[in-house]
Amino acid sequence: MLSSERAADDGAWLDRGHGQTTVLMVLSPRMVYALREWPRMRQAAQDAGFRVLAARDPRVPLAEWWAGIRAAGQPELAFMETVDEHMAVKLGALNHTPASLVARCGQWHPWPVLGVMPDVTWVSVLRAREAQLKEAACP
């Protein structure tokens with residue numbers, strides 16, 4: 001959940017009725033590869049059929065965020081919203097960045113995907129999380 005989102009639970013905002021699996025990647029300039037690899041990993045996940053969103057680590061002050069995105073050459077990330085800190089802590093998404101949360105039908109997978117990885121591995125891990133979420137039917 002992004003900090004500006006309001007929902008009855010931590011995952012309901014993700015689905016919006018289309019049943020597509022969503023990947024929310026939490027980014028931080030404190031792990032240099034998180035920002036540099038974001039475009040590639042976003043594209044690989046989108047190409048595999050995932051809806052992909054990103055949010056910044058809420059513990060990173062805005063000045064540090066701006067310096068990091070300039071250094072990474074990612075100015076389009078300047079005004080990215082923060083992830084809801086309470087939800088991110090509950091799901092383990094602030095232990096390492098990037099941390100990617102996978103959700104389907106309003107349910108979060110209980111394990112974040114941590115770090116940067118090659119496209120084939122990345123998509124394979126996302127598909128495994130998606131398969132586990134599909135075991136619980138959409139309402």
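The legends below describe close-up views of a predicted model of one protein chain.

**View 1. Overall fold of the protein chain.**
The protein chain has 5 helices and 5 strands. Along the sequence these elements follow the pattern α-β-α-β-α-α-β-β-β-α. The chain is made of 139 residues, and 50% of them count as buried. About 6,800 Å² of the chain is exposed, with carbon and sulfur atoms supplying 55% of that area. Among contacts with a separation of 6 or more, 69% are between residues 24 or more positions apart.

**View 2. The largest nonpolar core.**
This core has 27 residues. Leu27, Trp65, Leu77, Trp122 and Leu126 have the most contacts inside it. Two or more residues are given to this core by each of β1 (22-27), α2, β2 (51-56), α3 and α5 (119-134). Helix α2 provides the largest share, 6 residues. A second, separate core has 13 residues, including Ala88, Leu94, Leu101 and Trp108.

**View 3. Strand β1 and its pairing with β2.**
In β1, 6 of 6 residues are buried. On one side of the strand the buried residues are Thr22, Leu24 and Val26, and on the other they are Val23, Met25 and Leu27. Both faces of β1 are thus covered. Strands β1 and β2 pair in the parallel sense, over 6 bridges. Thr22 has Arg51 of β2 as its bridge partner.

**View 4. Surroundings of Leu27.**
Leu27 is one of the residues with the most contacts inside the largest nonpolar core. Leaving aside residues up to four places away in sequence, Leu27 touches Ala34, Leu35 and Trp38, and also Ala54, Ala55, Arg56 and Asp57. Further contacts of Leu27 are with Trp65, Leu77, Met80, Thr97 and Pro98. Two of the partners named here, Trp65 and Leu77, are also listed among the residues with the most contacts inside the core.

**View 5. Thr97 in a loop.**
Thr97 lies in the loop between α4 (85-90) and β3 (99-104). Is this loop residue buried or exposed? Thr97 counts as buried because its relative accessibility is 6%, and buried means under 20%. Apart from residues up to four places away in sequence, Thr97 touches Val26, Leu27, Ser28, Met31, Ala34 and Asp57.

**View 6. The Arg30–Glu64 salt bridge.**
The side chains of Arg30 and Glu64 meet in a salt bridge, with an N to O distance of 2.7 Å. Side chains of opposite charge can pair when their charged atoms come close. The pair links distant parts of the chain: Arg30 is in the loop between β1 and α2, and Glu64 is in helix α3, 34 residues apart. Helix α3 covers residues 62-72. The C-alpha atoms of Glu64 and Arg30 are separated by 8.9 Å. Arg30 is partly exposed at 47% relative accessibility, and Glu64 is partly exposed at 29%. Glu64 touches Pro29 as well as Arg30, not counting residues up to four places away in sequence.

**View 7. The Asp57–Arg59 salt bridge.**
Asp57 forms a salt bridge with Arg59, and their closest N and O atoms are 2.6 Å apart. Asp57 is buried, with a relative accessible area of 1%, whereas Arg59 is partly exposed, with 38%. Asp57 is also among the residues touched by Thr97 and by Leu27.

**View 8. Salt bridges involving α5 and a linked network.**
How many salt bridges does a search of the whole structure find? The search finds 5. In one of them the side chains of Arg127 and Glu130 meet, at 3.5 Å from N to O. These two residues are separated by about one helical turn because they are 3 residues apart in helix α5. Arg127 is partly exposed at 36% relative accessibility, whereas Glu130 counts as buried at 12%. Elsewhere, Glu37, Arg40 and Asp119 are joined into one network by salt bridges that share partners.

**View 9. A nonpolar patch on the surface.**
Val32, Tyr33 and Val116 make a nonpolar surface patch of about 270 Å². Tyr33 is found in helix α2, residues 32-47. With a relative accessible area of 54%, Tyr33 is exposed, since exposed means over 50%.

Terms used. Residues numbered from 1 in each chain as written. Predicted model: local features only at pLDDT ≥ 70, side-chain atom pairs only at ≥ 80, totals over all residues. Heavy atoms only, no water. Patch = residues over 30% accessible without salt bridge, like charges linked within 9 Å, V, L, I, M, F, W, Y side chains within 5 Å. Areas by Shrake-Rupley, 256 points an atom, 1.4 Å probe, with all protein chains shown as cover. Salt bridge = Lys/Arg side-chain N within 4 Å of Asp/Glu carboxyl O. Helix = DSSP H or I, 4+ residues; strand = E, 2+ residues; numbered from the N terminus. Buried < 20%, exposed > 50% of the residue type's maximum accessible area, 1.4 Å probe, protein only. Contact = heavy atoms within 4.5 Å. Core = buried A, V, L, I, M, F, W, Y, C linked by side-chain atoms within 4.5 Å. Pairing = 2+ DSSP bridges.
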